[in-house]
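Biologist: I am new to this structure. Could you walk me through how to read it, one feature at a time?

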Amino acid sequence: MAEDKGEKIPMLESKESDANDSLNVTADTAEDSPLTSNEVMQSQTNGGGKQVSADTPKNVEEEEEEDADVQDKRPSGRNMFFKDGKKRIDYILAWSTEGKPEKLAHSQEARAVFEENLEQEGLKLEKDEKEGEEVHFLKVHAPYEVLTRYAEILKVRMPVKKSPTCETAGLSVLSLHCHRSVLHLLTQLVLQECLFVMSNMFSCYDRQSLDLDKIQQKYAKLETPIKAVSTRLWDTMTNITKKVFTPFQLDEEVVKPIKRRFDIPDDREKYFDHATRSRIVNFILRRKSFSKAKEKAYSFGINKMIADGHYTDAFPLHEGHWKPGSADNDRKLLFDYWANWRNCFKIQPLDHVRAYFGEKIAIYFAWLGFYMQMLIPASIIGLIVFIYGCVISGNSYPANEVCDKSKNFTMCPLCDFQCPYWKLSAACSHARASRIFDNNATVFFAIFMSFWGTLFLEFWKRKEAALQFKWDLTDFVTEEIKEPHLPFWRRRFPIYLMSWTAMLFLAFLAIVAVVGVIAYRISTLAALQVLTRNTPVTNSTFIASTAEVIYQNASLVTTVTAACINLLIIVILNIIYNRLAFWLTDMECLRTQKEYDDSITLKLFSLQFVNYYSSIIYIAFFKGRMVGRPGKYATLFGGRQEECEAGGCLIELCIQLAIIMTGKQLIVNNIVEILIPKIIKWIKRKIWPETKEQKMSRSPWEKDYRLQPAETTSLFYEYLEMSVWYSVLYGISRIAIISNAFIIALTSDFIPRLVYTMAYSPDGTLKGYVNQTLAVFNTSDFDEAHRPVFEGSDIVESCRYRDFRNPPDSDDPYEYSQMYWHVLAARFAFVVVFENVIVVITGLIAWLIPDVPAKLKLHIRREAYMSNEIIIKTELLRAKGETVGEEDIEKIIEDESQRYKTNDFGSMELVHRKSASPEAAENNVV
């Protein structure tokens with residue numbers, strides 16, 4: 001096996017919305033869905049590069065024998081042509097010559113039928129069969145006529161304006177099948193004028209400075225004052241944002257902005273870019289039959305042929321390399337100025353990403369970049385809140401009272417029998433750490449993040465709309481191949497029943513794992529308490545100090561180790577969930593790729609939600625809520641339930657979140673995505689070394705064939721991990737509001753502190769708050785089954801525990817006190833007020849921010865209007881019996897375009913409306 005230097009360029013899927021999207025080999029049902037597992041990232045491919053000129057066909061066969069690395073470093077790049085040096089290689093099909101004779105004969109027959117159908121479609125084929133080689137190759141070329149015919153079928157947007165080097169300047173129309181639609185002609189005309197809009201919409205690319213006075217003047221006469229104010233506010237914010245991000249822009253002299261290509265090149269072979277050519281060829285490959293038998297209706301498509309073993313792979317060629325010294329190409333540019341650590345603070349070249357990887361991957365990274373930008377204000381506010389918490393943590397009444405040893409608060413044992421009484425001052429560090437996160441500023445931050453989530457969603461919808469229009473995704477057309485119909489009740493219902501029963505069992509498995517971790521925490525905490533208490537008396541200072549440290553930090557040690565174990569369980573369960581979810585979805589026999597993706601997304605999202613958040617939800621909302629009281633503890637399976645620390649459960653929740661989220665992202669993901677591939681690559685180099693002569697003897701397609709296949713589900717997992725779906729994000733934002741409300745009300749001490757200062761504090765401060773929150777228990781009320789049995793426990797007459805209960809000498813001993821009911825009422829009132837106020841305000845914000853920018857709406861309407869005008873006039877001429885040719889359509893387009901002028905903002909304004917008389921037309925200037 002050859003050295004693994006990257007990934008193949010996966011097959012470019014010929015779908016109506018993705019001109020550059022890539023896919024690998026899977027079932028034929030993987031056609032056209034937002035999250036198809038066939039469309040994957042090409043982040044480690046040898047893509048891009050300059051093509052060999054068609055004017056230099058000589059020595060092509062010699063170039064095939066030349067070292068591919070040498071070809072990569074030539075100014076012309078790799079050899080990408082047939083042996084005649086003119087036909088460009090758009091696709092490579094590979095097949096193996098080893099196997100059983102019967103199988104080889106059947107595969108040869110299937111390939112012959114398939115290739116015959118391809119030639120009938122107009123594709124040009126050329127074989128590369130070397131004697132003694134295991135793998136042979138078929139080179140595929142799409143002639144210009146085939147490309148134009150399928151461009152119309154796929155609704156590919158192409159230029160309609162002649163190049164300035166042509167004899168005729170101005171607008172013109174090619175006699176192409178893909179431009180038979182007048183709507184397509186007009187679309188490109190209007191899109192020229194819409195480019196400037198994109199640079200004005202909180203975009204990361206093509207930023208230009210605007211005159212704020214002109215903006216205000218332009219929108220000062222809008223229909224309503226609210227609209228005028230909101231528009232000016234938005235443009236002002238956009239302008240400020242552009243100036244702030246100017247230092248983070250890439251050098252436009254190096255990474256040149258990709259402008260929309262509205263000029264028709266003189267060489268028609270350059271009319272379609274490489275990605276579009278591969279997309280069209282892939283569209284044809286996936287639809288041609290490889291069997292003449294009528295009963296084999298589903299024997300068609302390159303994916304099916306690969307699955308059946310007739311071909312081993314199908315892929316477009318890489319056109320360059322990313323290594324230093326290679327010829328300039330798009331992949332090298334992206335590696336140097338995007339996928340590099342030194343550019344981590346630079347704005348992404350999204351247009352280049354889209355040109356190389358396709359729209360779906362570009363949209364993902366656009367979302368990721370936008371998300372990171374929106375996190376900047378959130379992180380700044382969060383950092384300020386954290387610094388504020390650090391400042392007040394050492395100078396707050398509750399923390400000082402916990403740390404004050406003179407208070408001499410003796411706390412009740414944390415476990416039965418063996419655990420000793422302990423001093424509250426031992427939890428001093430935990431109390432101060434908890435105060436960092438549990439303070440009034442944290443409540444403000446929770447409210448801020450609720451608003452931030454809404455603003456993020458609304459601004460992303462605007463950004464997405466701009467990108468969709470800029471990248472020609474507004475007329476998204478889906479096209480899917482359906483699987484054979486299966487009877488629902490007889491075949492599909494039993495499978496659904498089994499699938500969702502298995503889902504419930506898997507979710508229950510995650511909950512069982514959480515219960516196991518809870519049991520570990522309880523037993524470990526008790527063991528550490530006993531271990532330190534039973535430490536033998538010794539003269540060793542180290543042993544004594546270690547025992548003291550363990551005793552004081554037993555709860556912290558237990559929490560950290562439990563969180564690490566929980567992280568390990570999460571990783572293991574995720575591996576199991578991923579495999580079983582795909583297996584269960586395959587068993588459901590869904591008819592379309594969209595149904596398949598929806599089903600697998602629901603399964604994985606649900607299972608991962610339970611897996612990741614079960615322990616977090618337990619700590620936030622259940623731990624320490626139903627533990628009972630000393631002498632009457634609530635038990636589960638014969639054991640006491642967990643209690644929160646003296647500083648509350650919030651600090652433990654923070655530790656759990658930090659370990660799980662940070663460990664998953666920084667450790668597990670980096671191991672899977674970076675370390676393991678490097679180890680595999682190193683092993684392959686050692687096991688299958690290659691000499692320079694071996695490399696030189698291979699053609700470009702042979703080198704690309706030996707690269708690592710692209711993972712079919714990489715993009716799907718990225719989308720799933722980041723939840724790049726508006727409906728999911730909207731649901732999460734609403735859940736976040738509810739969870740924030742309950743965490744503040746139940747987990748933090750914000751409400752009890754507020755009630756104490758308003759109703760119970762003599763001076764309106766938190767002085768005496770800790771004593772108020774600690775109930776008293778008479779140790780003589782312990783029953784014999786739970787009484788501490790260690791030496792010296794009988795001398796303690798009373799102990800304290802965290803709860804709002806009456807003292808033992810009251811009329812209702814150990815019952816809930818009046819403050820408990822006040823705090824409970826305040827907590828529920830806070831949840832209701834917080835949720836409703838935040839939901840109403842965020843809903844108002846969402847309503848005030850349009851999903852599509854006003855400028856973009858204007859351009860879309862203008863495009864539709866001009867389309868209708870041209871179509872109506874063209875049909876009118878045909879109705880009169882006149883022949884409508886290219887010149888007539890060209891004159892209509894030019895006539896309509898003259899009715900508009902380009903303003904100072906780069907967009908088009910209506911100049912005049914046509915009237916019956918020239919005098920009236922002159923007076924109709926708007």
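Modeller: Let us begin with cavities. A cavity is a set of grid points where a 1.4 Å probe fits but cannot get out. Keep in mind that this is a predicted model.

Biologist: How many cavities of 30 Å³ or more does the structure hold?

Modeller: Eight. The largest cavity has about 240 Å³ of space.

Biologist: Which residues lie nearest the centre of the largest cavity?

Modeller: Pro398, Val402, Ala646, Gly647 and Asp749. They belong to a lining of 17 residues. Three elements give two or more residues to that lining: helix H13 (397-403), helix H14 (428-437) and helix H26 (769-773).

Biologist: What classes of residue make up the lining of the largest cavity?

Modeller: Nine are nonpolar, three are polar and five are charged.

Biologist: Now the whole chain. How many helices and strands are there?

Modeller: The chain has 30 helices and 18 strands. It runs to 926 residues, and 49% of them count as buried. Its exposed surface is about 45500 Å². Carbon and sulfur atoms supply 61% of that surface.

Biologist: What do the contacts say about residues far apart in sequence?

Modeller: Take contacts between residues at least 6 apart in sequence. Of these, 75% join residues at least 24 apart.

Biologist: Next, the cores. Which residues touch the most other members of the largest nonpolar core?

Modeller: A nonpolar core is a set of buried residues of certain types, joined through side-chain atoms within 4.5 Å. The largest one here has 31 residues. Leu93, Phe114, Leu285, Ile302 and Tyr311 touch the most other members. Several elements each supply at least two residues of this core, among them strand S3 (91-96), helix H3 (101-121) and helix H8 (274-285). Strand S5 (135-141), helix H4 (144-153) and helix H9 (302-308) do so too.

Biologist: Which residues does the second core include?

Modeller: Trp338, Leu350, Phe365 and Leu467 are included in that separate core of 28 residues.

Biologist: Helix H4 came up. Why is H4 described as largely enclosed by the rest of the structure?

Modeller: Count its buried residues. Seven of the 10 residues of H4 are buried, so the helix is largely enclosed. They are Tyr144, Val146, Leu147, Thr148, Tyr150, Ala151 and Glu152. Just after H4 comes Lys155, with a positive phi of about 55°.

Biologist: How many residues of helix H11 are buried?

Modeller: Seven of the eight, so to speak of H11 (residues 350-357) as mostly covered is fair. The buried residues are Leu350, Asp351, His352, Val353, Arg354, Tyr356 and Phe357. Leu350 is also in the second core. Gly358 follows H11, and its phi is positive, near 105°.

Biologist: What should I know about the sign of phi?

Modeller: Most residues other than glycine have a negative phi. Asn408 has a positive one, near 55°. Asn408 is in the loop between H13 and strand S9 (410-411). Cys589 also has a positive phi, near 55°. Its loop runs between helix H18 (554-587) and helix H19 (593-622).

Biologist: Why does Cys589 count as partly exposed?

Modeller: The range for partly exposed lies between 20% and 50% relative accessible area. Cys589 counts as partly exposed because its relative accessibility is 32%.

Biologist: Is Asp336 buried or exposed?

Modeller: The cut-off for buried is under 20%. Asp336 is at 16%, so it counts as buried. Asp336 sits in helix H10 (residues 330-337). Beyond its neighbours within four places in sequence, Asp336 contacts Arg342 and Asn343.

Biologist: What is the relative accessible area of Thr874?

Modeller: It is 1%, so Thr874 is buried. Thr874 is part of helix H28 (residues 854-879). Setting aside neighbours within four places in sequence, Thr874 is in contact with Val884 and Ile892.

Biologist: Where does Phe448 lie?

Modeller: In helix H15 (residues 440-470). Phe448 is partly exposed, with a relative accessible area of 21%. Leaving aside neighbours within four places in sequence, Phe448 contacts Pro377, Ala378 and Ile381.

Biologist: How far apart are Phe448 and Gly382 in sequence and in space?

Modeller: They are 66 residues apart in sequence. In space, C-alpha to C-alpha, Phe448 and Gly382 are 9.6 Å apart.

Note on methods. Residues numbered from 1 in each chain as written. Predicted model: local features only at pLDDT ≥ 70, side-chain atom pairs only at ≥ 80, totals over all residues. Heavy atoms only, no water. Buried < 20%, exposed > 50% of the residue type's maximum accessible area, 1.4 Å probe, protein only. Helix = DSSP H or I, 4+ residues; strand = E, 2+ residues; numbered from the N terminus. Contact = heavy atoms within 4.5 Å. Areas by Shrake-Rupley, 256 points an atom, 1.4 Å probe, with all protein chains shown as cover. 1 Å grid on protein atoms, 1.4 Å probe; cavity = no way out; pocket = protein on both sides within 12 Å on 5 of 7 lines; lining within 4 Å. Points joined across faces, edges and corners; volume = space filled by probe spheres on them. Nonpolar A, V, L, I, M, F, W, Y, C, P; charged D, E, K, R; others polar.
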